[in-house]
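Colleague: I would like a close look at a single part of this model. Please pick one helix pairing and walk me through it, then add what surrounds it.

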Amino acid sequence: MEALILTILLTSVPLIFAATGELVAERSGVLNLGVEGMMLMGAVSAFAATSVLGSPYVGVFAGAVAGAVTAVVFALFALGLATNQVATGLALTIFGSGLSGLVGAPFVGRTVDGLPVFAIPFLADIPVLGNLLFKHDIMAYMSVAFLVIVALFLNRTRAGLVLRAVGNNHDSAHALGYPVLLVRFYAVSFGGMMAGLGGAYLPLVLTPHWSEGMTAGRGWIALALVVFASWIPSRILAGALLFGGITIMQLAGQARGWTIPSQMLSMMPYIATILVLVIIARNRRFALINSPACLGRIYMQNK
Amino acid sequence: MKVKIVMSYPSNRNRSKSRPLLEAVGISKNFGDFVANDDVSFSIHAGEIHALLGENGAGKSTFVKIAYGLLRPDIGQLFWNGEPVFINGPQQARKLGIGMVFQHFSLFDALTVAENIQLAMPPGETMASLSSRISSISKEYGIGVDPNARIYNLSVGQQQRVEIIRCLLQDPKLLIMDEPTSVLTPQETEQLFSVLRRFADNGLAVLFISHKLDEIRALTSRATVLRRGQNVGSVAIKGQTNSKLAEMMIGNKVKNVARQNAPAKSKLLFEVKNLYRPKDSAFSVTLRGISIAANAGEIFGIAGIAGNGQDELMSALIGEWRGADSGIIFLDGVDVSQKNPAERRVADMGFIPEERNGHAAVPSMSLADNALLTSHSIVELVRRGVLDLSSMKAKAGAIVKDFDVRLPVVNPLASSLSGGNLQKFVVGREIIKVPKVLIVSQPTWGVDVGAAVFIRKAMLDLAAKGSAVVMISQDLEEIFAISHRIAVLHDGILSDAKPAGILTAEKVGLLMGGSDAVGGVNI
């Protein structure tokens, strides 16, 4: 049982990274559907860096940089050239899948030493809880720390207020003198960095090798998770555990010979997301507060 | 040019008792061929509530945008406390002490009142200190707003208060209010007025832009009247009647306009019998028993100041709004009350709504596509559901040629045309079909003089061919220039139509000011 919970926790880490980053981008009004592509770029870069340089910590850094650089490509098109965000995001996923496969080809079949477990002194000695919560690799702690920082940033800082304002009404934000595109550029880049970290977690911790398309749809689950969390950071955590749990159930269920087809389980995150969308649509008040009104809308400076 | 203006300035200063807070001398502003402000001079003193009065398109908005730094004047000079200033943007205007509350608010729906205000303030102030300043200002002026409320939960009046508080926190000396009452209920208007009066008592100057005469008389001490971009006089409000102000607003130019003689007794083509329309929001007007009878060969002019039911009447005549009853609107004897706009077009009516961009034409579509939009069920531009592109282009080309539309490229997007050219196109698109009845609202609003002359002549020519034209216009000169008979819309009631030849501007001005409401004036 403990092993099962532990696996669920580890599975949810990449989701927390990617969804937290995407949440920031979406709160600024940008819908970046390229999460899967950015995660793959992060994964292959992390694995390659670790494999060549021998340090998984360098790999973490490389994954973050690769994700951010991929997001900057998106930003140049979607923000700089005001292209359609949906089309650009889809293109980014395809681009990321292809490029990561190409870059990663020489690394297929290799293995690396993943991130070591870093037990937190004293806390790790607590019975049961210590094993579950305080004996993880450094990225697992980072994912939760980022989530907390993002929540505080959005709700407690002026910069976070400006970011929410830009996502809520970019024309008014511009009228008040805020640099709409620059704010969005930062938000999208941060989102890319987080997706890159989420991708890096796969070869550095979960399965210490590289294979093409190894994210296996986690980018799409992260996107659904943002909506499932209704753009509220704290809900990302619960949602990631739920979605991570469902993913593990599929594997565990198969191993134990459950009769539920695994396809049914892999549908669950999306069905849950659709249900949340329906609930949001029925509750105008809720939708108005948290969903960024300018999400996906093109903003052109000096129009 | 500038030298002359600056030299004339000292004599201005000597005339006024105290130094004005803001003074504008000789402000002119053109948009292409359109003259928005023509040599406007103006001054406002501390502690004064000053009205800027004028019809739609008279240049009020242009003038205040110049004062707030949103537009640069072509010629002219602004003085702040007697010092010449060049206001290069809203930020500089705010620094001087000029605050402005716009007609359309720029608030963030999802954020709280305090967050909205914080966004407009320089960084550094804590939320707690800001909240307490908001509360103290609310108390001082009796503008109650909960700092923690979210904007989407507030009424329009409350949202306006947030905008006002946002201005006040920047400690302005002059507050510009652009048609603030256009979105308010009467009760909210009354509350706003008492707040504005308190501002004036505290030494703040308020520039109040409106075309509502009752409000101006209730609130302000002086009024500057703009007409066609020119200042036609600054008057003390005391002792002015609505009709005197209305006359200043609309001018007496109409005296010199050659009137149209009504055609000899001819066939009744378009009839509205006792149209009632309840208001559908607090900001619209109830139409009360409107009757129209337009004959073949005549232009039936409907005058009136904006906001007296023009929009409501137009959408009812077009069929965008339909009441429950039949037997209200007749086209050549046929009841069309329950027909939608497309069906009315098939029945041989043409419509030209006021708003060119987005109502009469789709800005992002080409002229050929726009030509199709009002003819899809009438002309053979569509064959078995498939668009005949070459006929559409030929159609658009014919309109362009006949109505002298100047194009930047062949078959351009509607949005790339200037206002006057697009208006000629949408007018031409209807007139080229020679409809039995043409309903048109504000046909020459915001277009240059040349295009206006052309459009008016086209409507007269259509009438001469035996059609009936119903024209709603706020431009009295236009009403007198081409109408055969004239009626006045005031507060949702349409006066009896009279032949243009026997009407005077004074009489129409009285009706527009609502003096007829108790039956006091006979035409």
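Modeller: What follows starts with one pair of helices in chain A and then moves on to chain B. Keep in mind that this is a predicted model.

Start with helix H2 of chain A, residues 35-53. Its partner is H3(A). The two axes come within 7 Å of each other. They cross at roughly 150°. The crossing is right-handed.

Now look at who meets whom. From H2(A), the contact residues include Gly37(A), Met38(A), Met41(A), Gly42(A) and Ala43(A). Further residues of H2(A) in the contact are Phe47(A), Thr50(A) and Leu53(A), among others. From H3(A), they meet residues including Pro56(A), Val58(A), Gly59(A), Val60(A) and Ala62(A). Gly67(A), Thr70(A) and Ala71(A) of H3(A) also take part. By class, this contact has 13 nonpolar and eight polar residues. It has no charged residues.

Next, follow the chain out of H3(A). H3(A) covers 56-80, and a loop lies between it and helix H4 (85-104) of chain A. Ala82(A) sits in that loop. Its phi is positive, about 55°, although it is not a glycine. Most residues other than glycine have a negative phi. Is Ala82(A) buried or exposed? Ala82(A) has 14 other C-beta atoms within 10 Å, so it counts as partly exposed.

Chain B offers a similar case to look at. Glu179(B) has a positive phi of about 45° and is not a glycine. Glu179(B) lies in the loop between strand E7 (174-178) and helix H7 (186-201) of chain B. Glu179(B) counts as buried because it has 21 C-beta neighbours inside 10 Å.

Stay in chain B for one more helix. Helix H17 of chain B spans residues 505-512, and seven of its eight residues are buried. Among them are Ala505(B), Lys507(B), Val508(B) and Met512(B). What do the buried residues of H17(B) pack against? They pack against helix H9 (242-250), strand E13 (299-303), helix H16 (476-482) and strand E21 (485-490) of chain B. After H17(B) comes Gly514(B), with a positive phi near 85°.

Last, see how the two chains touch. The contact takes 14 residues from chain A and 14 residues from chain B. On the chain B side, helix H4 (residues 113-120) gives the most, with four residues. That side has eight nonpolar, three polar and three charged residues.

Methods. Residues numbered from 1 in each chain as written. Chains lettered and ligands numbered in written order. Predicted model: local features only at pLDDT ≥ 70, side-chain atom pairs only at ≥ 80, totals over all residues. Contact = placed C-beta atoms within 7 Å. Helix = DSSP H or I, 4+ residues; strand = E, 2+ residues; numbered from the N terminus. Nonpolar A, V, L, I, M, F, W, Y, C, P; charged D, E, K, R; others polar. Buried ≥ 20, exposed ≤ 12 C-beta atoms within 10 Å, placed from the backbone. Axes fitted to C-alpha atoms, helices over the stretch in contact; angles between N-to-C directions. Left-handed = near helix turned anticlockwise from the far one by under 90°.
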